[in-house]
Amino acid sequence: MFFVSIASQGSTKLILQMQKMALAGIRVLEIAGLAPAPFCGMILADFGAKVVKVDRTRTSMTVDVQARGKRSIALNLKTSEGATILKKLCSQSDVLIEPFRKGVMEKLGLGPEKILQENPKLIYARLTGFGQSGPYAEAAGHDINYLAISGLLSKLGRQGENPYAPANLLADFAGGGLLCAVGIVMALFERSRSDKGQVIDANMVEGAAYIGSFLWKSQNLGLWNRPRGQNLLDSGAPFYETYKTSDGKFMAVGALEPQFYEELIKGLQLDSLKLPSQMSFSDWPEMKKIMAETFSKKTQAEWCKIFEGTDACVTPVLSLDEVSSHPHNKERGSFITDCQGEISPRPAPLLLRTPATPSLTRDPFIGEHTESVLREYGFSKEEIAKFQAAGIIECNRAKANL
Ligand SMILES: C[C@H](CCC[C@H](C)C(=O)SCCNC(=O)CCNC(=O)[C@H](O)C(C)(C)COP(=O)(O)OP(=O)(O)OC[C@H]1O[C@@H](n2cnc3c(N)ncnc32)[C@H](O)[C@@H]1OP(=O)(O)O)[C@H]1CC[C@H]2[C@@H]3[C@H](O)C[C@@H]4C[C@H](O)CC[C@]4(C)[C@H]3C[C@H](O)[C@]12C
């Protein structure tokens, strides 16, 4: 983002300055992985870091949908030359993100001991499912498995139903990608004092558990001591629930505090004198039936009108197609549209002086920037041609021109 500042010292000077995003100047290498590591890299890129994604060679199609603002190089790490290239890139970078299970980087000769020896200032972020030690460290797994081992999954789901994983949001993205990015930023901050890098053992079991700290810490409050799906915040309570409307849409109700609950009852036009008290657990199933019946009588738009401007904590459940045009999100510009017309969430949080300025151009093709990145990191044209001829790298310039 550019802004103009005018300095007057006899004559008026027009100075064009590049506004610095929070992570401007930070060089990140992200080895291509499934979902959490790409998200981590995207956060860093959104906030201004220069992120280079290290893709595999001989992969024509990418399934990475989180490559926003990154450049891609295609590098065969299973060749000694490929590993040497990565080492050289690491020696000039601030951060390396690796997405494999324990031992894979060591097998490639790219473990942290070796890499940090050459660049002791590097932040070497390892984003795994189970961490770098323990009996599961080398096992394959996905979000649902990490969530299960974290303990959180046992708490998620409706009464009488099996535990339910909310897409792959909790372990992969919250406990994995996001916390890994937090770790990287903290390590960068610490490096500014110590001048030293470090290894980050980010993993989704512990990350998800940490995200769920409230569940552990609030057990003594009596919030979670009933079976799954019968508690205050896990779809047990009638006033913390979703309800279907007459047009097949849904409303979300979060009227926890008594004063807000009162407004909910008022909006639903129920007679509070004829209802059990809000916290009568045994009456919750019956209360849910009454509320479900009531909500089913009007459309979502009608309920929105009724609850608009109240503190009843009732909101429409919006679809992904609807969010960007909702008046609240629209006014704040909470969603962005890229050059291909795709809508996605604006990076959060909003740093008011140095906001993230996400790239709106298309994602890179695999290997689109191999040549330019290697040149930037000091490889000669001749070396690049040699690597390319030997299949150690791929430069996909043709696709870049499409
Ligand atoms: C969208 C789907 C993904 C959903 C996310 C899912 C729910 C998750 O939970 S993601 C989190 C997964 N876990 C982790 O990230 C934790 C840490 N990582 C791991 O534990 C493992 O990496 C692993 C278990 C995730 C994968 O194990 P794997 O054995 O495959 O890998 P590693 O042991 O880590 O080793 C990697 C090997 O590769 C070598 N390597 C790596 N880079 C290079 C390189 N540049 N050069 C050379 N070699 C390289 C490395 O050395 C290792 O080698 P060795 O093994 O010899 O040591 C998507 C999930 C599945 C997708 C679908 C699927 O792919 C089929 C279709 C494909 C098609 O193209 C598109 C449609 C698909 C249907 C596709 C669609 C979606 O993308 C998926 C459903």
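This report describes the predicted model of one chain and its ligand shell.

## Overall layout

The chain has 402 residues, and 34% of them are buried. Its secondary structure comprises 15 helices and 14 strands. The C-alpha trace spans about 85 × 70 × 45 Å along its principal axes.

Contacts reach far along the sequence. Take the pairs in contact that are at least 6 residues apart: 64% of them join residues at least 24 apart.

## Two domains

The domain assignment gives two units. Domain 1 covers 20–214 + 358–394, and domain 2 covers 240–317. Domain 1 is thus written as two segments of the chain. The centres of the two domains, taken over C-alpha atoms, are separated by 44 Å.

## The seven-stranded sheet

One open sheet has seven strands, in the order E8-E7-E6-E3-E4-E5-E14, with mixed pairing. Strand E8 (198–203) and strand E14 (393–394) stand at its edges. Each has a single partner strand, so one side of each lacks a neighbour in the sheet.

Start with strand E6 (residues 95–98). Strand E3 (residues 27–31) pairs with E6 in the parallel sense, over three bridges. Here Val28 stands opposite Val95 in E6. Strand E7 (residues 123–128) also pairs with E6 in the parallel sense, over four bridges. In that pairing, Ile97 has Ala125 of E7 as its bridge partner. Both faces of E6 are covered. Val95 and Ile97 are buried on one side, and Leu96 and Glu98 are buried on the other.

The E14 end shows an antiparallel pairing. E5 and E14 run antiparallel and are joined by two bridges. The bridge partner of Ala74 in E14 is Glu394.

## The three-stranded sheet

A second open sheet has three strands in the order E9-E10-E11, and its pairing is antiparallel. Strand E9 (240–244) and strand E11 (314–316) are the edge strands, each pairing on one side only. Neighbouring strands here are turned by 25 degrees against each other on average, direction ignored.

Strand E10 (residues 250–254) pairs with E11 over three bridges, in the antiparallel sense. Met251 has Pro316 of E11 as its bridge partner. Helix H11 (residues 300–307) lies across E10 and E11. The helix runs at about 145 degrees to E11.

## Around the ligand

Which residues come nearest to the ligand? They are Val63, Phe100, Arg101, Ala140 and His142, out of 26 residues around the ligand. The shell is of mixed character: 13 residues are nonpolar, seven are polar and six are charged.

## Asp143, a buried charged residue

Asp143 is found in helix H5. Is Asp143 buried or exposed? Asp143 is buried, because 25 other C-beta atoms lie within 10 Å, against a threshold of 20 or more.

Asp143 touches Ala165, Asn168, Ala171 and Asp172, leaving aside residues up to four places away in sequence. Ala35 is 108 residues away from Asp143 along the chain, yet their C-alpha atoms are separated by 9.7 Å.

## Backbone exceptions

Most residues other than glycine have a negative phi, and most peptide bonds are trans. Three sites in this model depart from that pattern.

Arg58 has a phi near 55 degrees, a positive value in a residue other than glycine. Arg58 lies in the loop between strand E4 (50–55) and strand E5 (71–75). Why does Arg58 count as exposed? Its C-beta atom has 9 others within 10 Å, and 12 or fewer means exposed.

Ala167 is not glycine either, and its phi is positive, near 45 degrees. Ala167 sits in the loop between helix H5 (143–150) and helix H6 (169–194). Ala167 is exposed, because 9 other C-beta atoms lie within 10 Å.

The third site is a peptide bond. Ala348 and Pro349 are joined by a cis bond, with omega about 0 degrees. Pro349 is placed in the loop between strand E13 (343–345) and helix H13 (370–376).

How values were computed. Residues numbered from 1 in each chain as written. Predicted model: local features only at pLDDT ≥ 70, side-chain atom pairs only at ≥ 80, totals over all residues. Near = placed C-beta within 6 Å. Nonpolar A, V, L, I, M, F, W, Y, C, P; charged D, E, K, R; others polar. Domains from an automatic or database assignment. Pairing = 2+ DSSP bridges. Axes fitted to C-alpha atoms, helices over the stretch in contact; angles between N-to-C directions. Contact = placed C-beta atoms within 7 Å.
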